Number of protein chains: 2
Amino acid sequence: MAAWRAFLMAHARIARALEAELQAEQGMSLADYEVLLQLARADERRMRMSEIADRMILSRSGATRVVDRLERSELVRRISCESDRRGAWAQLTDAGYRRLRGASPTHLRGVARHFWDKIPADELDRLRESLESVAEECPRD
Amino acid sequence: MAAWRAFLMAHARIARALEAELQAEQGMSLADYEVLLQLARADERRMRMSEIADRMILSRSGATRVVDRLERSELVRRISCESDRRGAWAQLTDAGYRRLRGASPTHLRGVARHFWDKIPADELDRLRESLESVAEECPRD
DNA sequence: GGTGTATGATTGACTTCGCAACTATACCAC
DNA sequence: GTGGTATAGTTGCGAAGTCAATCATACACC
């Protein structure tokens with residue numbers, strides 16, 4: 001049980017610290033950052049709404065609202081899907097890409113300081129494996 | 001970086017699953033459960049508001065509101081502090097204790113199924129150590 | 001003892017997110 | 001094609017949490 005509490009504790013503290021740093025230095029939320037990052041890595045820098053929801057572990061309405069916000073800041077644009085007219089793509093704009101690149105040093109430094117650096121390298125790898133298997137087998141909705 | 005993403009992923013999925021199960025079977029949120037649990041373990045089953053905020057990694061106003069909710073359900077009562085009249089205790093009521101005991105099997109089963117059981121016992125221990133050190137050294141506000 | 005600052009808790013305004021309901025489109029069966 | 005069901009996304013509403021401001025009390029210093 002101690003491991004579980006440590007897990008919750010670590011998550012809460014790190015997430016809060018990263019959020020605060022990103023907000024202070026870059027005026028961006030962690031959620032927004034993560035979405036921009038996923039989009040930047042995606043093919044043609046675009047993803048379907050539901051894909052965003054899945055990767056972010058967000059409800060579908062949650063995805064709608066994140067993209068709403070990002071679209072208002074012109075970091076992302078919506079493109080309706082040709083092949084399935086119910087669907088929509090969210091695509092990273094150039095401004096969005098620049099914004100992401102601008103913010104990433106802050107984020108990477110934060111993750112390093114609060115997470116990587118505290119964990120021995122060999123343990124980091126085992127930890128990744130364990131957590132991946134935990135996430136993998138967890139009910140997907 | 002993969003370790004960090006796995007960490008986020010695992011947290012999001014497990015927390016969501018536990019929340020859903022607890023809500024479905026016991027009509028209780030995870031946040032409320034955790035507060036009741038901390039209170040049950042505390043001396044005289046009571047804690048100061050700010051202590052609750054710290055342990056839950058919540059803002060002070062957040063703590064006020066959780067206790068508001070629990071007080072409305074009569075699972076907790078507020079007692080003004082004798083020695084520092086600005087302060088307040090939140091104390092678990094008997095009903096609150098029964099509610100906690102009623103809900104704990106659901107929660108424990110969930111943590112076991114989604115977390116413990118997926119991680120080899122020896123790794124679980126190393127993981128706890130790593131995460132504790134991570135949480136420990138994280139800026140406390 | 002009076003003044004100034006720090007601290008515990010609460011409140012109001014706001015943001016974010018989930019659920020349930022809804023719309024629009026796709027797909028399947030006949 | 002028509003009807004029924006499933007899926008993609010959005011929207012209204014409510015729940016929960018934050019920040020900044022506020023109030024009351026404590027504490028320190030002169």
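The legends below describe close-up views of a predicted model with two protein chains and two DNA strands.

**Notes to all views.** In this predicted model, local features need pLDDT of at least 70 and side-chain atom pairs count only at pLDDT 80 or more, whereas totals for chains, interfaces and linings use all residues. Residues are numbered from 1 along each chain as its sequence is written, chains are lettered from A and ligands numbered from 1 in the order in which they are written, and side-chain values use heavy atoms, with hydrogens and water left out.

**View 1. Chain A and its elements.** Chain A holds 6 helices and 3 strands, where helices (H or I, at least four residues) and strands (E, at least two) are DSSP runs numbered from the N terminus. From the N terminus on, these elements follow the order α-α-β-α-α-β-β-α-α. Taken along the principal axes, the C-alpha atoms of chain A fill a box of roughly 50 × 35 × 25 Å.

**View 2. The relation between the two protein copies.** Chain B is superposed on chain A by a rotation of 180 degrees with 0.0 Å of shift along its axis, the RMSD being 0.1 Å; the fit is by least squares on the C-alpha atoms of residues with pLDDT of at least 70 in both copies. This is the relation of a two-fold axis. The same surface serves both copies, since 100% of the contact residues of chain B recur in chain A. Among the residues of chain B, Leu127(B) comes closest to the rotation axis, with its C-alpha at 3.2 Å.

**View 3. The interface of chain B and chain A.** The contact (heavy atoms within 4.5 Å) takes 46 residues from chain B and 46 residues from chain A. About 4,900 Å² is buried between the two chains, and carbon and sulfur atoms give 71% of this area; buried area is the accessible area (1.4 Å probe) that two parts lose on being put together, summed over both. In chain B, Trp4(B), Arg13(B) and Ile57(B) lose the most area to chain A, together 15% of what that side buries.

**View 4. Polar pairs and helices at the interface.** Across the interface of chain B and chain A there are 6 salt bridges, each defined as a side-chain nitrogen of Lys or Arg within 4 Å of a carboxyl oxygen of Asp or Glu. Glu123(B) forms a salt bridge with Arg126(A), in which the closest N and O atoms are 3.3 Å apart. Between chain B and chain A, 11 residue pairs are in polar contact, with both residues at pLDDT 80 or more; a polar contact is a pair of N or O atoms within 3.5 Å, and within protein one must be able to donate a hydrogen and the other to accept it, while residues adjacent in sequence count only if both atoms are side-chain atoms. The elements that give two or more residues to the side of chain B that touches chain A are α1 (2-26), α2 (30-41), α5 (94-114) and α6 (121-136) of chain B, and the largest share, 16 residues, comes from α1(B).

**View 5. The surface near DNA strand D.** DNA strand D is surrounded by 23 residues, of which the closest are Arg16(A), Arg65(A), Arg78(A), Arg86(A) and Ser59(B); a residue is near a strand if one of its heavy atoms lies within 4 Å of it. Sugar and phosphate account for 61% of the atoms of DNA strand D that come within 4 Å of the protein. The side chain of Ser59(B) places an N or O atom 2.7 Å from a phosphate oxygen of DNA strand D, and a polar side-chain atom of Arg69(B) lies 3.2 Å from a phosphate oxygen of this strand. For Arg86(B), a polar side-chain atom lies 3.3 Å from a base oxygen of DNA strand D. The largest share of the surface near DNA strand D, 5 residues, comes from α4(B).

**View 6. The surface near DNA strand C.** DNA strand C is surrounded by 21 residues, the closest being Arg16(B), Ser50(B), Arg65(B), Arg78(B) and Arg86(B). Of the atoms of DNA strand C that come within 4 Å of the protein, sugar and phosphate account for 59%. A polar side-chain atom of Arg16(B) lies 2.5 Å from a phosphate oxygen of DNA strand C, whereas a polar side-chain atom of Arg65(B) lies 2.2 Å from a base oxygen of the strand.
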